[in-house]
Amino acid sequence: MSAAISTPSTTVSRADKPTGVVRDVARRFVTDPMALVGVFFIVLFVGVAVLGRVMGTSARLQTAALDASPSIKHWFGTDNLGRDLFARCADGAVVSLQVAVGSVAIGLLIAVPIGMLAGYFATTWLDEALMRIVDVILSLPLFVLGLVVLGFMGTGPMHVAGFVLPPIAKVIGLIAIAAVPIFARVARASVLVERQEDYVDALKVIGVGRMRILFGDVFVNIVPAIIVQAAAWMAVAVFAEAGLSFLGLGIQPPDPTLGNILLESRSSMLLGQWWLAVFPGLLIFAVIVGFNLVGDGLGRAFERASGS
Amino acid sequence: MRAYAIRRVVGSVAVLFGIISLIFGLTHLAPGDAAATILGNAATPESIKDLNHQLGLDQPMIVQYGRFISHAVRGDFGKSYYSTQPALPTVIHRLPVTLELSVLTMIVSVTAALGLCVLTARVRRRWLTRVVDAVTLVGLSIPTFWSGLLLLLLFGLYWRNIVPAGGWTFFSHSIVDNLRSCILPVVALSVPTIALLYRALRSSMVDVLDRDYVTFARAAGVREGKVIRRVAVPNAIVPTATVAGLLLGYMLGGSLIIETIYSIPGLGQLVVQSFQHRDYPVASASVAVLAFSFIVINLIVDLTYASLSPRVSELYARKITMRDA
């Protein structure tokens with residue numbers, strides 16, 4: 001963003017704004033207590049994932065005592081096969097992060113160009129066609145879409161043109177597709193506002209091409225709106241992955257995800273193994289709160305920075 | 001208004017058609033041979049071939065597609081592979097349970113969200129607003145599958161015999177027991193919907209409280225409580241119709257999860273089970289019913305909203321959609 005701001009065309013676009021917009025937003029963000037709480041939760045979650053990697057593989061084997069309650073040796077206790085719950089949760093956290101980052105990145109790559117084109121050419125056939133396709137995806141709730149796609153296609157590895165994609169690829173792809181309508185709408189709505197600004201006309205007058213205006217200057221100015229939405233969608237992605245796993249539609253056991261650990265806990269929980277239900281859920285909850293708080297905090301920081 | 005209504009209806013039919021086509025496409029991409037699945041261990045190459053012929057699975061794809069669509073339009077999705085009952089009636093039979101849970105959840109959520117909104121509307125209660133805002137953010141972040149499990153753990157293991165933890169008593173059997181078996185599922189389902197509704201109501205409330213007519217009512221000496229309840233709240237409710245679609249999505253997704261956790265014989269449980277058993281006719285029929293209800297309810301909400309607020313159809317006349325405004 002800062003690199004783009006130094007290009008000559010952008011100084012035309014935002015002459016009325018201070019040049020240190022990024023620093024300004026960052027300062028507002030780090031002085032926002034709610035946002036910092038959010039950052040703390042996300043760091044905690046990433047920490048668990050990293051710690052699990054450091055611990056090595058031995059903890060994942062069925063070597064410990066069966067159904068042990070939480071202790072110094074097994075922080076989260078063990079399950080009915082003697083596997084360390086902390087190690088399994090840490091592996092699940094890695095899956096959650098992969099799905100969150102992967103699906104948001106892919107969703108943005110597909111949706112932002114679509115939304116921007118639709119916004120710039122609003123009310124033309126191109127806008128109509130693009131937004132109708134987006135509407136079809138939006139017309140199904142995420143879990144129903146997941147059920148249809150993963151339920152019928154199965155949850156095994158996917159064979160595409162000679163490559164074998166791991167099961168996680170399907171989950172990432174599905175959540176990315178579900179994100180497309182949301183991101184596309186935000187990009188479209190922001191471009192609709194932005195294209196009425198004086199700088200767009202000014203750039204047109206000095207002979208800058210339409211696509212360069214759209215994907216150069218206009219793009220830089222809609223980045224804040226997109227970042228806020230992307231942070232919020234990380235939370236949705238974590239939630240969706242865990243929920244799909246919980247319904248048996250995600251990555252299959254014995255490979256752990258936070259959702260399928262919870263699903264398995266359902267049978268042994270009522271025998272007294274409360275830790276199996278509490279800890280994985282607590283981790284999911286913490287990271288969802290984290291991403292939501294960070295999303296809200298970013299929204300506030302950008303809003304105040306732009307003075308509106 | 002009429003142009004808008006026609007456009008929305010035609011669009012909804014097209015989307016529904018798209019979903020039925022998607023179901024067809026995916027059932028045929030699905031791994032495994034349906035005939036082999038049905039016959040199980042008793043399958044011989046001949047019997048598989050016979051059954052495939054009987055089910056019409058040996059015909060060209062385009063013929064199968066045409067037949068699937070024409071049957072689906074008439075509500076015929078085939079027979080369940082297991083119970084051999086027609087698929088659609090099997091699905092419809094499960095609807096009342098899910099509907100009851102959804103209606104109760106709606107009543108609880110709307111009441112609670114309105115109550116919270118009235119509480120936080122007073123200017124001097126800034127600290128209370130902060131607390132409620134934080135709590136609803138937490139509520140929105142608790143996954144239904146976790147809150148459902150925790151309630152099951154608490155009331156199924158530690159505080160037993162207070163409310164039924166899991167299972168279902170039908171309405172026709174005993175009304176009291178039926179309502180008792182609704183308690184935990186409805187609580188788990190309501191947490192995110194209360195939070196969502198409150199947040200929508202709150203943001204429109206903040207907007208409404210700034211309006212001239214509220215200032216005027218206060219200036220005219222109407223008590224603050226009455227201003228909030230009689231003037232602000234009715235005006236704040238209308239714009240929240242825009243989150244109805246989102247709310248419905250939450251409830252549908254929630255019903256899949258909650259009915260699975262509490263072993264409730266509703267549509268949600270049926271969908272999940274039919275996919276687990278690869279019972280494709282029932283799976284197709286239930287997904288079609290879910291999509292159909294979702295689309296129709298959204299359509300009704302949008303049309304009601306448009307007729308209440310002429311701005312929407314005006315915006316449509318200028319070919320800009322509501323969401324851009």
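A residue counts as partly exposed when the number of other C-beta atoms within 10 Å of its own falls between the two cut-offs, 12 or fewer for exposed and 20 or more for buried. In this predicted model, B:Ser21 has 14 such neighbours within 10 Å, so it lands in the partly exposed class. The residue belongs to helix 1 of chain B, which covers residues 2–29. Along the chain, B:Ser21 and B:Ile69 are 48 residues apart, yet their C-alpha atoms are separated by just 7.6 Å.

Turning to chain A, the secondary structure comes to 12 helices and two strands. Read from the N terminus, the order is α-α-α-α-α-α-α-β-β-α-α-α-α-α. Chain A has 308 residues, and 50% of them count as buried. As for its internal contacts, those with a separation of 6 or more were considered, and 71% of these link residues 24 or more positions apart.

The two chains also touch each other: 37 residues of chain A are in contact with 43 residues of chain B. On the chain A side, the elements that give two or more residues are helix 7 (142–153), helix 8 (167–194), helix 10 (210–246), helix 11 (258–269) and helix 12 (274–305). Helix 7 of chain A puts in the most, with nine residues. Sorted by residue type, the side of chain A that touches chain B is made up of 26 nonpolar, nine polar and two charged residues.

Notes. Residues numbered from 1 in each chain as written. Chains lettered and ligands numbered in written order. Predicted model: local features only at pLDDT ≥ 70, side-chain atom pairs only at ≥ 80, totals over all residues. Helix = DSSP H or I, 4+ residues; strand = E, 2+ residues; numbered from the N terminus. Contact = placed C-beta atoms within 7 Å. Nonpolar A, V, L, I, M, F, W, Y, C, P; charged D, E, K, R; others polar.
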